[in-house]
Every structure is written in C-alpha cells, then in structure tokens.
Amino acid sequence: MSDAYDDQNIFAKILRGEIPSFKVYEDDDTLCFMDINPRTDGHCLVIPKTPCRNILDATPAQLAACMKTVNIVANAAKKAFDADGITLSQFSEAAGGQEVFHLHFHIHPRHTGVPMRPLAPGDMDAIKRHAEMIVAALG
Ligand code: 5GP
C-alpha cells in the first residue's frame, strides 16, 4: 500500500494553475506538459487530473485515461522529432525512482543509438519550442 496523496505536490500545483508549465495536450481527464529537466528533446509528462499518487493507487479509469493520452502524444512526439521510437517510463515510490508524487508517465522520443541525457535543467526557450512542435504535430 502506498502513502497518502499530498495535494501540495508540484504537479497538483500545475493542475491548479499555481505554477506555470508548457502544456502540450489536455482532455477532460488528463494533462500533458513538458518536463523541465528533459532527458531527451520532447520529454513530456502525462498525468491524470484527479488525485493519484502512482501506479499503486491508480484506478483502472485513471490508467485508461492516461494511456489514451500517452498514445496520442507519443505519436505526435514521434512525428515532431522524426524519432525512431518512444520510451515510456513510470516510477512509483521513492525506491522506484519517483520524485513527484502525482501519477505521471514520461514520454521520451528516441533516436536509434542516442542515449538519454542525465536529468538536468533544460533550456526554457528550447522546451517551449519543443512543446510547440508536439502541439503542431497533434494536428
Ligand atoms: P519522477 O522521478 O517522479 O518520475 O519524475 C518527476 C519529473 O518531474 C522529473 O523528470 C522532473 O524533471 C520533473 N519535474 C520536477 N519539477 C518539475 C516542475 O516544476 N515542472 C515540470 N514541468 N516538471 C518538473
């Protein structure tokens, strides 16, 4: 059993509009925005709009909603970056590598033979431009 949901986490604040983000996509149930420490160009995050800590307390409805958005955004990101593939990752609890405790799925456009970068602050102008590229590819 995971710990309780804390509504002061960074992604809850993004959902409430209390801190800014580069939005890529949203529907009634999910939001996708850029990661500010991108491990690849186009690194973005899909989250449910309802409270949920991680994969351990997620409901089937939350997971289904997130996967629907992952599918849409992954295809757009692959197109936007002319990528060869996509890495999708999800970390649950600190021992699993989780740092922000609101369920999220990382989408990484990947190019053959190109490793992911270490986690480090990205260039905000580049992140903004990359968000616009994915939005444009969404059509
Ligand atoms: P985790 O390790 O929990 O799966 O990943 C959390 C992710 O959230 C990291 O990739 C980190 O770069 C990203 N992140 C942390 N703080 C912020 C923030 O304030 N805004 C955005 N857009 N991403 C953040």
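**Group meeting: a walk through the predicted chain**

Of the 139 residues in this chain, 41% count as buried, and I should say at the outset that what we are looking at is a predicted model. I will begin with the overall fold, then go to the salt bridges, and finish with a few individual residues.

The chain contains three helices and five strands, and, reading from the N terminus, these elements follow one another in the order α-β-β-β-α-β-β-α. The radius of gyration is 14 Å, close to the 14 Å that the globule rule gives for 139 residues, so the chain is as compact as a globular protein of that length. If you take the box along the principal axes, the C-alpha atoms fill roughly 40 × 30 × 25 Å. As for how the chain contacts itself, among contacts with a separation of 6 or more, 64% are accounted for by residues that are 24 or more positions apart. The area that the chain exposes comes to about 7,400 Å², and carbon and sulfur atoms supply 57% of that area.

Let me turn to the charged pairs. A search of the whole structure finds seven salt bridges, and I would like to go through some of them, starting with Arg-53. Arg-53 forms a salt bridge with Asp-3, where the closest N and O atoms are 3.4 Å apart. That pair links distant parts of the chain, since Arg-53 sits in the loop between β3 and α2 while Asp-3 belongs to the segment before α1, 50 residues apart. Arg-53 also meets the side chain of Glu-93 in a salt bridge, at 2.9 Å from N to O. Here again distant parts of the chain are linked, with Glu-93 in the loop between β4 (85-89) and β5 (105-110) and Arg-53 in the loop between β3 and α2, 40 residues apart. Which residues are joined into one network by salt bridges that share partners? They are Asp-3, Arg-53 and Glu-93.

How buried or exposed are the two side chains of the Glu-93 and Arg-53 pair? Both are buried: Arg-53 has a relative accessibility of 8%, and Glu-93 has one of 17%, which counts as buried because the cut-off is under 20%. Glu-93 deserves a second look for its backbone as well, for its phi is near 70 degrees, a positive value in a residue other than glycine. As a reminder, most residues other than glycine have a negative phi.

Another residue with a positive phi is Asp-82, where the angle is near 50 degrees, and this residue too is not a glycine. Asp-82 is found in the loop between α2 and β4, and, with a relative accessible area of 62%, Asp-82 is exposed, whereas Glu-93, as I said, is buried.

To return to the salt bridges for one more pair, Glu-26 forms one with Lys-49, the closest N and O atoms being 2.7 Å apart. Glu-26 lies in strand β1 and Lys-49 in the loop between β3 and α2, so that this pair, 23 residues apart, also links distant parts of the chain. Glu-26 is partly exposed at 37% relative accessibility, and Lys-49 is likewise partly exposed, with a relative accessible area of 30%.

The loop between β3 (44-48) and α2 also holds Asn-54, whose relative accessible area is 0%, so that Asn-54 is buried. What does the side chain of Asn-54 contact? It makes a polar contact with the side chain of Gln-98, at 3.0 Å.

Moving towards the N terminus, Glu-18 is found in the loop between α1 (10-15) and β1 (23-26). Glu-18 counts as partly exposed, at 47% relative accessibility, and its side chain makes a polar contact of 2.7 Å with the side chain of Arg-16. From C-alpha to C-alpha, Glu-18 and His-43 are 22 Å apart in space, and in sequence they are 25 residues apart.

Finally, a word on the surface. Met-67, Ile-86 and Leu-88 form a nonpolar patch there, and together they have about 220 Å² of accessible area. Of these residues, Met-67 has its place in helix α2 (residues 60-80), and Met-67 is partly exposed, with a relative accessible area of 35%.

How values were computed:
Residues are numbered from 1 along each chain as its sequence is written. This is a predicted model: local features need pLDDT of at least 70, side-chain atom pairs count only at pLDDT 80 or more; totals for chains, interfaces and linings use all residues. Side-chain values use heavy atoms; hydrogens and water are left out. Patches are made of residues with over 30% relative accessible area and no salt bridge: like charges are joined within 9 Å, nonpolar side chains (Val, Leu, Ile, Met, Phe, Trp, Tyr) within 5 Å. Accessible areas come from the Shrake-Rupley method with a 1.4 Å probe; for residues, only the protein chains shown count as cover. A salt bridge is a side-chain nitrogen of Lys or Arg within 4 Å of a carboxyl oxygen of Asp or Glu. Helices (H or I, at least four residues) and strands (E, at least two) are DSSP runs, numbered from the N terminus. Buried means under 20% relative accessible area, exposed over 50%, partly exposed in between (1.4 Å probe, protein chains only). A polar contact is a pair of N or O atoms within 3.5 Å; within protein, one must be able to donate a hydrogen and the other to accept it, and residues adjacent in sequence count only if both atoms are side-chain atoms. The radius of gyration is taken over C-alpha atoms; the globule rule is 2.2 Å times the number of residues to the power 0.38. Contact means heavy atoms within 4.5 Å.
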